[in-house]
Structures are given as C-alpha cells and as structure tokens.
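Subject: Model handover

Hi,

Here is the model I promised to pass on. Please open it alongside this email, and I'll go through what turned up.

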Amino acid sequence: MNDDTFEELCTLTADLIESNFEKNKTKMDAISGQISEKIAGIDMKDFLHGLSIALGNDIQMFLLSFSALYYATSEEACLGYIESELAKGKLDILRTCAIAFQTRSNYFRRGINKEYKKDRELNDIVAKQYFNGLNVQIPMIHYADRDHKLIVISTYMLLGETHAPTRWVITAVKYLQELGYEVMVVIEGYPFDIELIAQYWVGVMSIPNKIFPDGYFRVKMLGIEVPCYQVNTYEDDRDKLTSFFGDIYSMRPELVWKIGGMYCFDKIFESMTTYVTLACGRGYETGTGHLMLKCLETESDGEVEDFLHSLGQETARMQFREADFDEETKWHNSSLRSDNGIGEDDFVIAVVGNRLDQELTDNFWDVLKCVVKNCEDVRILLIGGYEKVIDDELFDKVINMGFCEELEEGLKQIDLFVNPKRGGGGTSAKLSIKAGKPVVTLPECDVAYVVGEEFVCNDYGEMKELCIKYVDDETFYKQMSEQAKENYVRKYSFDMKEEVRKVVEKAIEIGKRQ
C-alpha cells in the first residue's frame, strides 16, 4: 500500500468521524462506501496495523478511528484492535465498560466466536480495575461462618418475562427456593451515558436496557417472588458501593452464582465467598470464578478447560432448561394466524429475536427472498422489534408483528423457525422444537447446539435449498417435525431441580476447602 492511499483512507476515516459527531447518517453512509472501495484494493491487515502505529497513544482517536472503520467495512479485526487497546487500561472503568459493551454486542449479534484468552484478558482487567477503585480489603468468609441457607445470584440485566436470560435467572431462583434457600438477586446495572460513548464510538450504539429502580426492591416475575438490589455502576459513588457490598458481606452468603453477568463484580465476589459462573450462551464465562459452568458446547472447550484448570478454576457441565412456569395465555386455536392475517394454508417462516434490526443482514434477507420467489403461500413472520424498511420484493409477504408476550403459544402456530447468523436465539429455538416445528440454522451458534445437528446447514446457500424443501416436501417436513420433538425430549427431559442441586453441592464442596 502506498503512502497516498494510506493518507486518503485516514482522511476519509476522519471525515466519517466528523459526520458521526454531526449525526449525518446520509453523509456517513456515503463516506463508508468510499472507504470500502479504497480498502477493496489493499491489504486490510497491513492498513489496520499501520493505522494503529500512526495513532500512537491517542486512545480517543484510536477508538473513534477503528470503530469508524468497523462501521464502514464490518471488518471483525477492527473490534479486536479496539479490545486490545482497552486491555491496556488507558481509560477509566466506566469508559472501558461502555466501549467493551459495544464490541461485545457486535460480536454477539454477528455470531462471531472470540478467542477465549483474549476476551478473558480484558474482562479480568475490568474486574481488577473496579475492585481496586473501591480500595477495600475483602477477606474470604470462612465456610463455617457462612449462612448456609442464603445464595446470591448476580446478573447484569433483569428485564421482562419474555427475556431469555431473565427467565434463566428466575428458573434458578425458583429451584433454589424449592431446595430451601433464601435467594437475593444482584443486578449489575449499566445505564451508560450515550454522549459519553459518542466521544469514543462511531456508529450504532448498544445501551443495556433497564426497567427496575436502583437499590433494593422486590418483584414478582413468572409467579416467583424475587428480592433484588440493582447497582448503578455509572452513578453510584464509592461510599454507596462499599456500603452495599458490605451489606452482602455481612449476610455471609453460602455462594454467589453469576448467570449471564458482566465482569465488574467478579473480583469482589470471588474474594468474598464461593463464586460460581454460568454463561447464557455457549462455552464458559470469560471471567474469573471458583466453579465455571457451561451448558452449551463449543469446539474449543477442551483447550479452554485446560487453561481454566491451570488457573485453579474448576469446571463442570450443567444441563439447563427453563422451568415450566404457570403462565396464562389468551391464545387458543389459530388466533396468532387470524390476528395477523395469515391464511390457514399459508406456510409460516418465523424469524425471532430481540435485535432483529442488527441481526438480519442482506445475506439473510436474500435467503428469504429466494424462498418466497420459489414457493407459493409463504409468509415471513418477524417476531421481535424490527424498525427498518422492508424491501419491496418482500413487503407483501412479511408480517412484522413486534414482540410476542406469549412466545411459546405463538411458536406452536408457525411452520418453520429460520435462524440468522448470530449469538443467542436458543430459547425460542428450543420452544420451536418442543412444539414440533423444524429449525434451520447455521453451525457454530447457540441455536445449532440447542436444536441438534439434524437442523444445521453449512451456509446461506444451503439454507435456501433447505427452506424450499421444507415448504415443498410434505413427507420431509413431517419427518423433521417428529425429529424436532424427539430431539427436545432427548435433550431436555431431565430434572432441572436436580441440576441446580448438583451445582450447589459442588460449590459447597469447593467452599469447604476455602
């Protein structure tokens, strides 16, 4: 790459940053197109390396530049450069967490598998930085001095009753209560300041949702009474934080169990009592803990387990499924179809998710266009928030129904669940096979491990062919519908309460050695 091309790309990147500050999306997209054209003729790896050197120690311009290039090109390596820079500890804890949340969100939405050790490095730095900021000593509570009937669950988001990680938390609460434990949920709240993020990030920003008040509160969700405390990691000062963690310490919990949390509290809870972690997706949490649990496999698990064991962390596999909560339904027979203008003979392809605006790429829409073009009486049902413009070619075939409060009942009335390349989606896919509705998904994602290899295709080209076969071949459809039911029974007919009991017993075993 010659110097002129490098300078031209740097100038375009600076223009893109300026357009972002001006909130001029039309201009941003035009500049992005120019950047993509320029980059198509060079070695992207060399350019990014050269840019990282040229930016030196200017952390703000570094993050703005690489996020701008990611906005323009969707080049995964840009996110890697950003996280490597964050891991150097140049920003304070709030800015580090806010920008790290942006990179994680993009990895998750695109279904990109990260290298465990690199991800762990950044998260450990966040945990230590947060712990050091409190400037306190937290001695381990001796096992004999703990309250053996109190368990704390930590998570970073408690939302509505249809939110999958929330249902995981409430499932754990339900069975722990049935086992005789008092349970308190601690929420690691992140009400990030959008203007703060905009100083370091170009493009779409991800902000954690928040529906409950900060501080102590009680809530009844899915029929389960849950005492909670939501920490405001952005606004709470040191005195308030140390007072809260002092309260938790004085309660002397048997253990703290993180389910789908972030990483600020890792060092605090690990210092205090037995700390258990469970990822809501595939593999292990990329943070510290005495007992690391997984419920969905990844190809790198063996290597990761060797790494964790070398750090003195214990690992275990847990089977996990949501509890069968007592939920009322207003739907009977075919009201989802009739309420949305779907004919009795229409073949309904459902696409389900909370982040469809980001997850439904042009490549995925091409799959749906191909199916509609080749098959009659197909309707595309979008379940979840989607606010972008739908292409004219599909406009009459797509039903954008928004969020579905009664998802399990709704999925009983579809024909096929089609999953884009992304992280997440496992809960809705599981409900689909439970109802005998086949799934089509790519490999190496949460849904693939949830539903079984019979429903996995290699790429979007194969996905087109498979969807068309489901529509046209009634015998094949019936065969795979039965396979879906069989897979659900085989994979999820276990005693969830017993799984929770085994986790607690393993944690107690570790606690007695501490």
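One convention first: angles under 35 degrees count as roughly parallel, over 145 as roughly antiparallel, 65 to 115 as roughly perpendicular, and the rest as oblique. Bear in mind too that this is a predicted model.

Let's start with helix 7 (residues 116–134) and helix 12 (residues 301–310), whose axes cross at roughly 40° and come within 11 Å. That angle falls in none of the three named ranges, so helix 7 and helix 12 are oblique to each other. On the helix 7 side the contact uses Tyr116, Lys117 and Arg120, and on the helix 12 side Val304, Phe307 and Leu308. Sorted by class, the residues of this contact between helix 7 and helix 12 are four nonpolar and two charged, with no polar ones.

Now another helix pair. Helix 8 (residues 164–178) and helix 21 (residues 496–511) have axes that come within 9 Å, with a crossing angle of roughly 80°. Helix 8 and helix 21 are therefore roughly perpendicular to each other. Helix 8 brings Thr171, Tyr175, Leu176 and Glu178 to the contact, while helix 21 brings Met496, Lys497, Val500 and Val504. The residues in the contact of helix 8 with helix 21 split into five nonpolar, one polar and two charged.

A residue to click on next is phenylalanine 320, in the loop between strand 8 (314–317) and helix 13 (335–339). Is phenylalanine 320 buried or exposed? Its relative accessible area is 5%, and the cut-off for buried is under 20%, so phenylalanine 320 counts as buried. Setting aside neighbours within four places in sequence, phenylalanine 320 is in contact with Trp168, Thr171, Leu278, Cys295, Lys430, Tyr492, Phe494 and Met496. Two of those names should look familiar: Thr171 is on the helix 8 side of the contact with helix 21, and Met496 is on the helix 21 side. Valine 500 lies 180 residues along the chain from phenylalanine 320, yet their C-alpha atoms are separated by 8.8 Å.

On to the empty space. How many cavities of 30 Å³ or more does the structure hold? There is one, and the largest cavity has a volume of about 70 Å³. It is lined by 13 residues, and the closest to its centre are Tyr156, Gly189, Tyr190, Asn209 and Lys210. Strand 2 (residues 182–189) gives the most to the lining of the largest cavity, namely three residues. By class, that lining of the largest cavity has eight nonpolar, three polar and two charged residues.

You may also want to look at the second largest pocket, which holds about 1300 Å³ of space. Its lining takes in 35 residues, with Tyr71, Ser74, Asn106, Val204 and Lys388 nearest the centre. Among the elements that give two or more residues to the lining of this pocket are helix 1 (3–21), helix 4 (59–73) and helix 6 (93–110). Helix 2 supplies the largest share of the lining of the second largest pocket, at four residues. The lining of the second largest pocket comprises 15 nonpolar, nine polar and 11 charged residues.

Valine 204, one of the residues nearest the centre of that pocket, is in the loop between helix 9 and strand 3 (215–221). Apart from neighbours within four places in sequence, valine 204 is in contact with Tyr71 and Gln102. Tyr71 is also on the list of residues nearest the centre of the second largest pocket.

Cheers

How values were computed. Residues numbered from 1 in each chain as written. Predicted model: local features only at pLDDT ≥ 70, side-chain atom pairs only at ≥ 80, totals over all residues. Heavy atoms only, no water. Axes fitted to C-alpha atoms, helices over the stretch in contact; angles between N-to-C directions. Contact = heavy atoms within 4.5 Å. Nonpolar A, V, L, I, M, F, W, Y, C, P; charged D, E, K, R; others polar. Buried < 20%, exposed > 50% of the residue type's maximum accessible area, 1.4 Å probe, protein only. 1 Å grid on protein atoms, 1.4 Å probe; cavity = no way out; pocket = protein on both sides within 12 Å on 5 of 7 lines; lining within 4 Å. Points joined across faces, edges and corners; volume = space filled by probe spheres on them.
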